[in-house]
Structures are given as structure tokens and as C-alpha cells.
Amino acid sequence: MDQKVSLVIEQLGLDRLLEDSLFHWDLRQGVIFTPAKTRVCLFSTDLLQGVYKAIVDEAGEAWSLIFKRCGSLWGARLARRLDQEFGLLYEKRPEDLPVADYVNLIEAYFSSHGWGRVKLHLERAQEHGVVEISLSNSIFAEIIENPEEMVDPMMSGIFASLLSHV
């Protein structure tokens, strides 16, 4: 876990939700359980790259629409899971947090699940309704060969659903 995520976890008291040492591994089943007993699946880069190549071969140009739709479904589940886990462990809703803490929670939650390091930029949100997101160290950016756009369709779908939920 990177240093910024660890600092946010410590400052917000989110260790019961995000601390690596509290995750339970079941190597026989090949899954991880969060402190809230939610199952987390692990995917290797090789597996994701194989899925990506198969979808590109089968769907051609529509691959990005398929990945964006999958990301949208995934983002909605991620948002519901965050609400559920946070509520279960802290007995309050995440949206009851101040905005800065809520943004830090989303960034830390996303990063702690191995999606990459995310940063939400809210500078233009109030005046223009625009939230910008930067993502580094994304596994999906690694598997997409010869990307033609700056936006990863899977991540675009995830963030659209996640922010719509908020």
C-alpha cells in the first residue's frame, strides 16, 4: 500500500476498513475477504490481458463499449460495497463525512483494492460540475495494447458509476 493511502487510512481512522493486515486470505479458494467479510477476487495481468485480447478479437471496434459497460457495472458494485462496508464497520454512512474526508476515503478505498492510485480533482466541480480524475499505476493501462485514447474505457465506466452514486 502506498504511503499516501496509509496516511489517509491513519488520519481518518479507516484501519478497520482498509488495513492490509485485517484482510483474510483463503488460498484454497483463491479469494481474499475484507474486514467486513466481503469477498475480493484477484486477477493477474496475464488473465486480464487474455480476456482483453479475446474481447478485441471477438468484438472488434466495440471492445471499448464492452469494457466501459463492464466498468459501469463494476463501479456501481464498488460504490454499494463501500457504503455497506463503511456502514457495517463504522455505523454511519460515508456521505456523512466532510467532502475532503469522503474524497480521501474514495481514493484510499480504490487504491487499497489494487486498481491503481487515483486522485479526484474537484477544483471545477462546484462552478462547472466537472470532476477530473487522474489514475496512475493502473493494471488496465498495462494490458491495453496501443491505446488510441487517453481514457481507459473500463476505468471510465467505473468512475462514472462511482461518482453517479455519490
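These notes go through a sheet, a surface patch and a nonpolar core of the structure above.

1. This is a predicted model, in which local features need pLDDT of at least 70 and side-chain atom pairs count only at pLDDT 80 or more, while totals for chains, interfaces and linings use all residues. Residues are numbered from 1 along each chain as its sequence is written, and side-chain values use heavy atoms, with hydrogens and water left out.

2. Three strands (DSSP runs of E, at least two residues, numbered from the N terminus) make an open sheet in the order 1-2-3, with antiparallel pairing. Strand 1 (24-26) and strand 3 (39-41) stand at the edges with a single partner strand each, so one side of each has no neighbour in the sheet.

3. Strand 2, residues 31-33, pairs with strand 3 in the antiparallel sense over three bridges, where pairing requires that DSSP finds at least two bridges between two strands. Val31 has Cys41 of strand 3 as its bridge partner.

4. Trp25 lies in strand 1 and is exposed (over 50% relative accessible area, with a 1.4 Å probe and protein chains only), its value being 57%.

5. The largest nonpolar core (buried Ala, Val, Leu, Ile, Met, Phe, Trp, Tyr and Cys residues joined through side-chain atoms within 4.5 Å, where buried means under 20% relative accessible area) has 30 residues, and those with the most contacts inside it are Phe110, Trp115, Phe140, Met155 and Ile158. Helix 4 gives the most to this core, with eight residues, a helix being a DSSP run of H or I of at least four residues.
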